[in-house]
Amino acid sequence: DLGDSYRELGKTCGLTYQIDWFGPVVADARAHTERHVTMDVDTRAMKQEYDRLLQSDPAFAEAVRKQDAEQTADDGDDGSDFVTRVIAWQKAGDERQHLLAGTLCRGIMTFVMRKSNEGGGAGMDQVVLDFRNRHLATQLLTDPRPKIYVTYGAAHLPGVMALMQREPGWKVESVKWMRTIAAPE
């Protein structure tokens, strides 16, 4: 699932993934499965939405084609290949190389996240944010429990709240912000 992917990326970059901070919640989920539910989509559902958008949304399809063309024209410098080489180098290296690769990885992640926040994701927000927001809102609205604790990325909050506020009788009791990943000490 997405959590496992984020955890592996975090480990490679020398970061701690947020879900690992929720040990007591995870233990409670094992002991009381009836009280816990995963409301996020899986990577297969995201791929299906991506494919659907390619077929049904000309603007999305054009943004993807444009991004692909830009990457192809980028002097053959395959960024994902570079990241793969850095990860392999880090795994095979000594402690100093682990630290350097972790720093490089965190820098790359920061750059990618900033680019994404500036709209550089070829419309992928329609899959990564909007699709997942709609799914989460639907899950929340159809769940019969009177109180629900949600752990989700901060970028989702505005979209999910906008969807939820359209529904009569729905209110937010509290919002608490936590860092999603932490750099090593």
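User: Which residue meets R52 in a salt bridge, at 2.8 Å from N to O?

Analyst: This is a predicted model, where local features need pLDDT of at least 70, side-chain atom pairs count only at pLDDT 80 or more, and totals for chains, interfaces and linings use all residues. Residues are numbered from 1 along each chain as its sequence is written, and side-chain values use heavy atoms, with hydrogens and water left out. A salt bridge is a side-chain nitrogen of Lys or Arg within 4 Å of a carboxyl oxygen of Asp or Glu. At 2.8 Å, N to O, the partner of R52 is E49.

User: About how many helical turns separate R52 and E49?

Analyst: Helices are DSSP runs (H or I, at least four residues), numbered from the N terminus. R52 and E49 both lie in helix α3. They sit three residues apart, so the separation is about one helical turn.

User: Is E49 buried or exposed?

Analyst: Buried means under 20% relative accessible area, exposed over 50%, and partly exposed in between (1.4 Å probe, protein chains only). R52 has 43%, so it counts as partly exposed. E49 has a relative accessible area of 7%, so it is buried.

User: Which residues join in one network through salt bridges that share partners?

Analyst: Start with the pair R52 and E49, whose side chains meet in a salt bridge. Shared partners extend the network to R134, so list E49, R52 and R134.

User: How far apart are the end C-alpha atoms of helix α3?

Analyst: The expected span is 1.5 Å times one less than the number of residues. Helix α3 covers residues 43-56, which is 14 residues, so it should span 20 Å. The model agrees: the end C-alpha atoms are apart by 20 Å.

User: Within what arc do the buried residues of α3 fall?

Analyst: The buried residues in α3 are A45, M46, E49 and L53. Seen down the axis, they line one face of the helix. On the other side, R44 and Q55 are exposed. The arc, taken from the directions from the helix axis to the C-beta atoms, is 100 degrees.

User: Which residue forms a salt bridge with D51?

Analyst: The closest N and O atoms are 2.6 Å apart. D51 and its partner lie four residues apart in α3, about one turn. The partner of D51 is K47.

User: How many residues apart are R132 and D40?

Analyst: Their side chains meet in a salt bridge, 2.7 Å from N to O. R132 is in helix α7 (residues 125-142), while D40 is in the loop between α2 (23-31) and α3. The pair links distant parts of the chain, and the number of residues apart is 92.

Technical notes
Helices (H or I, at least four residues) and strands (E, at least two) are DSSP runs, numbered from the N terminus.
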